[in-house]
Amino acid sequence: AIKLPPSRKPKKETFTDLEIRQVEKLAQEGDVWAGTVMILLYTGMRVGELVALTRFQIDPQNWVITGGIKTDAGRDRPMPVHSRILPYVQYWYNTGGPRLIHKDGKPISVNYYRKYCFYPALERAGVTRHLTPHATRHTFATLLARAGVQPAHIQALMGHSDYSVTANTYTHPAIEELRRAI
C-alpha cells in the first residue's frame, strides 16, 4: 500500500480591514448587493443560509436573525444584527420578498448570488483579490477572536458544536496580532 504524506490545507483568506471598509463604503452609497456582503461579514452566515432566509426568521423588535443550516449546532442559531449592518437588514426586510434576499421578488440560488451579486459587488467596491463568499465567514470568526470574544460565544455564533473547528479552521490571526502577542 502506498502511504501518502498528510495533505496541507491551504490557508483560508480573510478580508482585510481596508477591504471591509471598501465594501462598507459602497454599501453606504446604496449598493444593495454590497450590503449583502456586509451582512455576511457581520453574521458569519454561509451564502446558502443567507439566500434561504425568509422575513419570518427576522425579529424586527430585537433585530435578531434566527437561521442556519448544515449542523444541529448551526440550525436555528440566533444571530444578533450588528448596528453596522442594521440598515442593510432593514432594507431587505422592508422589501417584502418571499426570501429576505431576492432578485425582483424571486428567490435566488447560491450560484446566482456568487456570480451576479457577490463578485460584482466586490469589483465595484475596488476589492481586487479573489475572495470567496466563504471568506466572509472566516473574516467574521477572525474579527470576533481579534475583539476578544469568548471562544464559547464565537462557537455559538458560528454554529459549531465543537470549538476546535472554530479555532482550527476559521480564526486567522494577523501577523501584527501575533507580534503583539509575542
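Which residues in H2 are buried? Keep that question in mind while loading the model, which is a predicted one, and begin the tour by selecting this helix.

**Stop one: helix H2**

Select residues 32–43, the range of helix H2, and colour them by accessibility. The buried residues in H2 are Trp-33, Ala-34, Gly-35, Thr-36, Val-37, Met-38, Ile-39, Leu-40, Leu-41, Tyr-42 and Thr-43. Because 11 of its 12 residues are buried, H2 is largely enclosed by the rest of the structure. From its first C-alpha to its last the helix reaches 16 Å, close to the 16 Å expected at 1.5 Å a residue.

Within this helix, pick out Thr-36, which is buried with a relative accessible area of 0%. If neighbours within four places in sequence are left aside, the contacts of Thr-36 are with Leu-50, Trp-92, Ile-101 and Tyr-113; showing these four side chains leads on to the next selection.

**Stop two: the largest nonpolar core**

Now display the largest nonpolar core, which has 40 residues, and in which Phe-15, Val-23 and Tyr-113 have the most contacts inside the core. The elements that give two or more residues to this core are helix H1 (17–28), helix H2 (32–43), helix H3 (47–52), helix H4 (86–95) and helix H5 (110–125), and among them H2 gives the most, with eight residues.

Centre the view on Phe-15 and show what surrounds this side chain. Leaving aside neighbours within four places in sequence, Phe-15 is in contact with Ile-20, Val-23, Leu-41, Phe-118, Leu-122, Arg-129, Leu-131, Thr-132, Ala-135, Thr-136 and Thr-139. Apart from the largest core lies another, of five residues, which include Phe-140, Ala-141, Leu-144 and Met-158.

**Stop three: helix H6**

Select residues 133–146, which form helix H6, a run of 14 residues that reaches 20 Å from its first C-alpha to its last, close to the 20 Å expected at 1.5 Å a residue. Since 10 of these 14 residues are buried, H6 is largely enclosed by the rest of the structure. The buried residues in H6 are Pro-133, Ala-135, Thr-136, Arg-137, His-138, Thr-139, Phe-140, Ala-141, Thr-142 and Leu-144. Just after H6, stop at Gly-148, which takes a positive phi of about 80 degrees.

**Stop four: the aromatic rings**

Show the aromatic side chains next, among which the count comes to seven aromatic pairs. Select Trp-63 and Tyr-93, whose ring centres are 5.7 Å apart and whose planes stand at 80 degrees, so the pair is edge-to-face. This pair links distant parts of the chain, with Trp-63 in the loop between strand E1 (58–59) and strand E2 (64–67), and Tyr-93 in helix H4, 30 residues apart.

Add the side chain of Arg-55 to the view, and its charged end is seen to sit over the ring of Tyr-93, 4.3 Å from the ring centre.

Move on to Tyr-91 and Trp-92, whose ring centres lie 5.1 Å apart with their planes at 85 degrees, so this pair too is edge-to-face. Is Trp-92 buried or exposed? At 3% relative accessibility, Trp-92 counts as buried, whereas Tyr-91, at 40%, counts as partly exposed. Extending the selection to Trp-33, Tyr-91, Trp-92, Tyr-113, Phe-118 and Tyr-119 shows a cluster linked by ring pairs.

**Stop five: two positive phi angles**

Return to Trp-63 and inspect its backbone, which has a positive phi of about 50 degrees although this residue is not a glycine. Trp-63 is buried, with a relative accessible area of 17%, a value under the 20% that sets the limit for buried residues.

Then select Asp-104, in the loop between strand E4 (102–103) and strand E5 (106–107), where phi is again positive, at about 55 degrees, although this residue is not a glycine. At 67% relative accessibility, Asp-104 counts as exposed.

**Stop six: the open sheet**

For the last selection, show E1, E2 and E3 together as an open sheet of three strands, in the order E1-E2-E3 and with antiparallel pairing. The edge strands are E1 and strand E3 (77–80), each of which pairs on one side only. Between E2 and E3, which run antiparallel, there are four bridges. To finish, select Gly-67 and look across to Arg-77 in E3, which stands opposite.

Conventions:
Residues are numbered from 1 along each chain as its sequence is written. This is a predicted model: local features need pLDDT of at least 70, side-chain atom pairs count only at pLDDT 80 or more; totals for chains, interfaces and linings use all residues. Side-chain values use heavy atoms; hydrogens and water are left out. A nonpolar core is a set of buried Ala, Val, Leu, Ile, Met, Phe, Trp, Tyr and Cys residues joined through side-chain atoms within 4.5 Å. Buried means under 20% relative accessible area, exposed over 50%, partly exposed in between (1.4 Å probe, protein chains only). Contact means heavy atoms within 4.5 Å. Rings of Phe, Tyr and Trp (its six-membered ring) pair if their centres lie within 6.5 Å; planes under 30 degrees apart count as stacked, over 60 as edge-to-face and the rest as tilted. A charge sits over a ring if NZ of Lys or CZ of Arg is within 6 Å of the ring centre and within 35 degrees of the ring normal. The expected span of a helix is 1.5 Å times one less than its number of residues. Two strands pair if DSSP finds at least two bridges between them.
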